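Please open the model in your viewer and keep the selection panel at hand. The stops below each give a selection to make, followed by what is to be found there.

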Amino acid sequence: MCRPGAAVLLASVSLLTVGLAPSGPPPLPGRMTDTGGGTQLITAQAARTSSTTGTVTWWDRRDGRWVKAGSAAARFGAKGLVEGGARRQGTNTTPTGLYGLPYAFGIEAAPDGTKAPYRRVHRNSWWCQDNDSRAYNRWTEPRAADCRAAESEHLVSYATQYAHALVVGFNYERPVRGRGAGIFLHVNGRGATAGCVSVPADAMRRIVRWADPVRRPHIAIGTAGGATAITRY
């Protein structure tokens, strides 16, 4: 039988225990429709589709919970963001959606500890954006004969931005002509991007070192709300 004083004490302890229970919404990946099925995720979130800045956060899934591994200020396209399936090439917009990360690359050597496949940029490394080329939205070294230089990126020319980068799998597996090519997560340039996502150099090095293909990392790009809300992906 419990004495009255003991009952009050037990009730107080019970209330304290309830107070210690986790509160607030789950972390961002826990509110998303899909995270790609792996245990690593990068979220690139802007306030709205007209935004050119936002936040990139990289996450690890541990013991059934998403835990933040790092975060950095991000830049998006000069014309904001647009639903990936509706994007058009040359619009300076960043495509929203959930995408794989096929491989890393860079003008500089891979950071120590890099686990992802890493391709070094050379003088004859190009990314073909020519809609009439069979190499559309692919690295080509040397530049493919049917890929016009004026419609491609000479990767070595972007010493700052492509010091280190990750290929974003937008329009990559089965490229749709005119939708867009060469969407990367890369180092900040002078301002907004032409459609990529960019972060400071130190953050990019950390992300390249962190990404582990065994853990199937993906990147989700979206807004805080609306039709392109990151939680919809």
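Which residues line the second largest pocket? In this predicted model, select Gly 84, Gly 85, Tyr 99, Gly 169, Phe 170, Asn 171, Tyr 172, Glu 173, Arg 174, Val 176 and Arg 179, and you have the lining of that pocket on screen. The volume of the second largest pocket is about 170 Å³, and its lining divides by class into four nonpolar, four polar and three charged residues.

**The whole chain**

Now show the whole protein as a cartoon, where two helices and 14 strands can be traced. Along the principal axes, the C-alpha atoms fill a box of roughly 90 × 40 × 30 Å. If you colour by accessibility, buried residues account for 46% of the 233 residues. A contact map is a useful companion here: among contacts between residues at least 6 apart in sequence, 61% join residues at least 24 apart.

**The largest pocket**

Next, select Glu 153, Thr 193, Ala 194, Gly 195 and Cys 196, which are the closest to the centre of the largest pocket among the 24 residues that line it. The volume of this pocket is about 340 Å³, and its lining comprises seven nonpolar, 14 polar and three charged residues.

**The cavity**

The structure holds one cavity of 30 Å³ or more, and its volume comes to about 30 Å³. To display the lining of this cavity, select Trp 127, Asn 137, Val 167, Val 168, Phe 170, Tyr 172, Gly 180, Ala 181, Gly 182, Ile 183 and Phe 184. Eight of these lining residues are classed as nonpolar and three as polar, while none is charged. Leave Phe 170 and Tyr 172 highlighted for a moment, since these two residues belong to the lining of the cavity and also to that of the second largest pocket.

**The nonpolar cores**

For the largest nonpolar core, which has 28 residues, begin with Ile 42, Val 56, Leu 166, Leu 185 and Ile 207, the members with the most contacts inside it. Then add the elements β1 (40-46), β2 (53-62), β3 (65-75), β12 (184-187), β13 (197-199), α2 (201-210) and β14, each of which supplies at least two residues of this core. The largest share, five residues, comes from α2.

Centre the view on Val 56 and show its neighbours: leaving aside residues up to four places away in sequence, Val 56 touches Ile 42, Thr 43, Ala 44, Gly 70, Ser 71, Ala 72, Ala 74, Val 197, Val 199 and Ile 207. A second, separate core has 16 residues, including Phe 105, Val 121, Val 156 and Phe 184. Phe 184 has already been selected once on this tour, as part of the cavity lining.

**Two side chains that reach backbone oxygens**

Select His 154 in strand β10 (residues 152-154). The side chain of His 154 reaches the backbone oxygen of Arg 123 at 2.6 Å, and the contacts of His 154, not counting residues up to four places away in sequence, are with Arg 123, Ser 125 and Trp 126.

Then move to Arg 232, in the segment after β14 (218-223). Is Arg 232 buried or exposed? Arg 232 counts as exposed because its relative accessible area is 52%, and the cut-off for that class is over 50%. A polar atom of the Arg 232 side chain nevertheless lies 2.8 Å from the backbone oxygen of Ala 227. Beyond the residues up to four places away in sequence, Arg 232 touches Thr 33, Gly 226 and Ala 227. For a distance to display, take the C-alpha atoms of Arg 232 and Ala 220, which are 9.8 Å apart in space and 12 residues apart in sequence.

**Backbone geometry in the loops**

Finally, inspect the torsions at three places. Glu 141 and Pro 142 are joined by a cis peptide bond with omega of about 0°, and Pro 142 sits in the loop between β9 (138-140) and β10. Asn 92, in the loop between β4 (81-83) and β5 (94-100), has a positive phi of about 60° although it is not a glycine; its relative accessible area of 31% makes Asn 92 partly exposed. In the loop between α2 and β14 you will find Arg 216, another residue other than glycine with a positive phi, here near 50°, and one that counts as partly exposed at 45% relative accessibility.

Conventions. Residues numbered from 1 in each chain as written. Predicted model: local features only at pLDDT ≥ 70, side-chain atom pairs only at ≥ 80, totals over all residues. Heavy atoms only, no water. 1 Å grid on protein atoms, 1.4 Å probe; cavity = no way out; pocket = protein on both sides within 12 Å on 5 of 7 lines; lining within 4 Å. Points joined across faces, edges and corners; volume = space filled by probe spheres on them. Nonpolar A, V, L, I, M, F, W, Y, C, P; charged D, E, K, R; others polar. Helix = DSSP H or I, 4+ residues; strand = E, 2+ residues; numbered from the N terminus. Buried < 20%, exposed > 50% of the residue type's maximum accessible area, 1.4 Å probe, protein only. Contact = heavy atoms within 4.5 Å. Polar contact = N/O pair within 3.5 Å; in protein donor to acceptor, adjacent residues only side chain to side chain. Core = buried A, V, L, I, M, F, W, Y, C linked by side-chain atoms within 4.5 Å.
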